[in-house]
Amino acid sequence: MNLLTRFHRALIFLVIVYFMSLGGTYTGLTGTTLQSISLAILTIGIAAWLLTRRFRLGQTPLDAALLFWLLAYAVSSLPHLSGRVYIGLWYAGLYLGIWLVLADLRQHGLPAAWITGSALFTSIPIMFFALAQVQSWFPQWLKTSAVRVAFVPPRPTSIYGNPNILGTVLIMLLPFALVRIRWAAHKLDRTVWSVWLFLALLILYLTYSRGAWFGGVSGLLTFALVLYRNPIEWWHTLSFRFRLALISSAVLILIVALVTLSAFNTPRRSASHRLQLYNIALDEFAAHPLVGSGPFTFGLALLENLSIPPLQPHAHAHDLPLNIAAELGLLGLLAFTLTLVLLLKQFSRVFRLAPDSQSRAYTVACLSSLVAFGAQSLVDLTVMVPSIMLLLLVIMSLLVQPKSDPLPSRSPYRLRFVLSVFLWLPLLIAGWWYVSVYRDYMRGQLALLAGDYPRSASILRQVAEDQPALALHHAAYAYASGLAASNGDTAYLTEGIAAYRRALDQERPHAVWWTNLAALYWQSGDQTRAVEAMRQAVHFASEDPDIWLNFAIYSEEFGQTDQAVFAYRRVLELDPAWSYNTQFWTASPLREQVYSTLSLDPSPYQLARTLWQNGQPAAALDLLEDRISRDPSQPKPYVQIARLYIAAGQLDRAADYLDAAYLLVHEDINLAWIRYAESQIAYVRGDLALEKELLQEARDYIWPDPTGQPIFYGRDITNYQFLHDTVIGVLLPQVYTLGPDPELVSLLR
């Protein structure tokens with residue numbers, strides 16, 4: 001191998017490592033600097049690739065399927081053109097182009113070992129970062145011996161921000177690590193990859209990604225059954241020590257799983273939400289059986305069919321075939337099926353022609369990796385993240401065989417080259433234009449954080465004009481205008497109302513946008529339209545107490561008493577915890593009437609404190625311990641027990657329970673509760689300066705910046721459904737809220 005070839009392969013290695021570890025992650029997608037770097041690398045790389053092809057491009061094993069994919073995307077997109085569809089089309093074109101590049105590189109001799117080596121190398125720092133995220137938890141858990149804390153370690157996410165995505169990377173690489181262990185030339189290599197395998201399995205367990213577990217087992221079983229078609233004969237070829245090690249490892253894994261699985265089984269991990277997503281996907285397919293609803297549009301269907309908020313937004317159906325059916329219809333399913341058939345056919349061909357056992361093992365590892373990915377994709381859809389799609393394309397390219405002879409200069413090969421140019425040229429132009437618009441969008445978001453609302457509105461107005469097909473840009477401009485209006489600049493009311501109307505004309509099922517629009521109508525004095533806008537909001541978010549609360553307030557002040565009573569009752573039916581803020585419910589005769597006619601139980605903490613004050617501390621603790629046993633992953637009951645001990649003056653015991661609560665924190669609202677309890681300890685000790693500081697920290701966790709009020713339901717819709725970054729605020733300050741936790745909000749306000 002000459003020096004130039006080594007240099008080319010090293011560059012390919014670095015590009016794959018960069019996009020898998022950074023450029024293709026959520027951070028890479030939403031950071032303006034990384035966007036520009038990624039697009040520059042892509043532009044230079046594609047230009048270099050095209051210049052070296054000499055107007056010739058060979059066939060790939062999936063050409064027939066690609067034609068059906070192109071047809072499915074075209075037919076599903078044309079009736080539903082929108083900003084979401086344009087996002088889906090751009091990424092579909094990007095993946096098609098990358099597949100052509102990878103297939104061509106394989107045909108020109110890029111070794112499989114270089115490709116798998118780049119992916120395995122990338123996984124090493126990813127795994128160490130995941131271990132760093134959890135390494136401090138275990139000693140802290142052991143130190144909390146004074147309090148019985150469930151074994152619920154944090155789920156590592158590494159650089160991906162999601163444990164399911166991390167699990168996907170690991171299960172797709174496990175078979176290749178096994179090949180390296182079995183066929184490594186040196187003992188040191190076998191040792192390194194054996195350690196890698198152990199750490200990968202450990203991290204995979206800690207992710208508690210049940211889809212990844214299912215996929216990993218499916219992939220490893222495929223690897224064993226295909227590579228060793230006679231497992232009994234293979235078993236007898238192993239040494240006694242190796243068999244003993246395998247049996248011991250399997251028994252140990254089984255014992256650990258059985259001991260801790262019950263602790264992981266919490267209400268937060270039920271399957272009911274995914275079943276709802278599956279039903280929505282089936283309904284969308286039934287509504288558009290031939291063409292689907294358009295690429296990247298499932299998130300809009302979700303908004304229309306589920307109450308978001310309080311439920312979490314998603315951009316996919318958590319199931320690959322169902323998501324394809326919903327968005328691309330029968331043509332998409334046909335393209336998907338043909339892709340699977342062609343991949344199996346190509347695997348069979350490459351496996352038969354493999355010259356030796358190591359080559360066969362690499363081929364089987366490729367199939368096993370795809371099976372692992374496919375099995376997980378029945379319950380997760382991590383392929384929505386570009387770094388996972390890149391890994392999938394990289395592994396699929398291993399089934400492309402190198403060509404022994406150069407491609408002839410016939411017209412079909414030249415035509416494929418020309419088509420590649422016409423694919424990449426608009427993709428790159430659109431990419432650079434999008435980056436420039438997104439850079440301005442982020443300038444507007446930063447102006448919001450700085451409190452310069454008029455400047456932000458001016459910037460985002462231009463963004464909405466430059467990219468009018470994306471509803472989010474109109475909503476972002478409207479939000480900035482609403483913040484300016486809340487700050488006293490009422491000239492922006494008209495702009496905010498008009499921008500929200502444009503956003504909702506494109507995408508109606510956004511309850512948050514309807515709520516903010518109602519607040520602007522109300523501030524402008526148009527009470528009739530405000531109430532009607534809130535009616536739309538409660539229609540789409542029929543299970544969110546805060547949105548019903550604002551509908552009730554507007555109805556009450558507008559004189560629609562019966563409607564207000566119904567809405568106030570609905571708030572308390574949805575979540576009795578909204579009754580804990582008694583200051584709100586005694587602020588008007590109508591609220592007081594509703595509050596007094598409903599049979600509402602006091603909060604668990606209030607009940608427990610009453611029992612404690614009546615000389616029944618054991619009963620008080622049992623009441624809160626029962627809440628822990630129902631869901632051992634929640635820190636709030638530990639905080640409430642700590643509050644009992646604080647009231648009793650047992651501060652050291654209270655600190656023990658707060659230490660336990662820290663172990664289970666998974667949202668900022670949990671930290672706000674802990675800081676509040678710590679402020680009470682400081683108060684009892686007479687440290688009023690520390691009490692004030694801790695109270696402010698608690699408030700900052702709930703209201704971290706002046707850009708309105710956040711909603712605690714995971715990552716915001718802008719991240720999930722538009723791949724945009726955003727400020728923390730979601731609801732305008734003009735909107736009245738008691739959430740995310742009325743009891744804590746009343747204590748902090």
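Asp 440 and Arg 443 sit three residues apart in helix 18, so about one helical turn separates them. Their side chains meet in a salt bridge, with N to O at 3.0 Å. Asp 440 is partly exposed at 26% relative accessibility, and Arg 443 is partly exposed too, at 37%. Bear in mind that this is a predicted model.

**Salt bridges**

That pair is one of 14 salt bridges in the structure. Helix 29 (residues 617-630) holds another pair about one turn apart: Asp 626 and Arg 630, four residues from each other. Here Asp 626 is partly exposed, with a relative accessible area of 34%, while Arg 630 is exposed at 55%.

Arg 685 and Asp 652 also form a salt bridge. This one links distant parts of the chain, 33 residues apart: Arg 685 is in the loop between helix 32 (668-684) and helix 33 (688-702), and Asp 652 is in helix 31 (residues 651-663). Both partners are exposed, Arg 685 at 55% relative accessibility and Asp 652 at 58%. There's a network as well, with Arg 675, Glu 678 and Glu 697 joined by salt bridges that share partners.

| Acidic partner | Basic partner | N to O distance |
|---|---|---|
| Asp 440 | Arg 443 | 3.0 Å |
| Asp 626 | Arg 630 | 2.9 Å |
| Asp 652 | Arg 685 | 3.9 Å |

**Just past helix 18**

Ala 450 is in the loop between helix 18 and helix 19 (453-466). With a relative accessible area of 65%, Ala 450 counts as exposed, since the cut-off is over 50%. Its C-alpha atom is 9.3 Å from that of Thr 707, although the two are 257 residues apart along the chain.

**The inside**

The largest nonpolar core has 193 residues, and Trp 99, Trp 424 and Trp 513 are among those with the most contacts inside it. Trp 424 touches residues including Leu 42, Trp 49, Leu 94 and Val 101. A second, separate core of 42 residues includes Trp 673 and Leu 748.

Helix 14 (residues 298-305) has buried residues Phe 298, Gly 299, Ala 301, Leu 302 and Leu 303. Their cover includes helix 5 (83-107), helix 15 (320-353) and helix 34.

**One cavity**

Searching the whole structure turns up one cavity of 30 Å³ or more, and its volume is about 290 Å³. Of the 25 lining residues, Leu 472, Trp 513, Asp 716, Thr 718 and Val 730 lie nearest the centre. Helices 18, 20, 22 and 34 each supply at least two lining residues. By class, the lining has 18 nonpolar, six polar and one charged residues.

Terms used
Residues are numbered from 1 along each chain as its sequence is written. This is a predicted model: local features need pLDDT of at least 70, side-chain atom pairs count only at pLDDT 80 or more; totals for chains, interfaces and linings use all residues. Side-chain values use heavy atoms; hydrogens and water are left out. On a 1 Å grid over the protein atoms alone, a cavity is a set of points where a 1.4 Å probe fits but cannot get out, and a pocket is an open set with protein on both sides within 12 Å along at least five of seven lines; lining residues have an atom within 4 Å of a point. Grid points are joined across faces, edges and corners, and a volume is the space filled by probe spheres set on the points. Ala, Val, Leu, Ile, Met, Phe, Trp, Tyr, Cys and Pro count as nonpolar, Asp, Glu, Lys and Arg as charged, and the others, Gly among them, as polar. Buried means under 20% relative accessible area, exposed over 50%, partly exposed in between (1.4 Å probe, protein chains only). Contact means heavy atoms within 4.5 Å. A nonpolar core is a set of buried Ala, Val, Leu, Ile, Met, Phe, Trp, Tyr and Cys residues joined through side-chain atoms within 4.5 Å. A salt bridge is a side-chain nitrogen of Lys or Arg within 4 Å of a carboxyl oxygen of Asp or Glu. Lists of a residue's contacts leave out its neighbours within four places in sequence.
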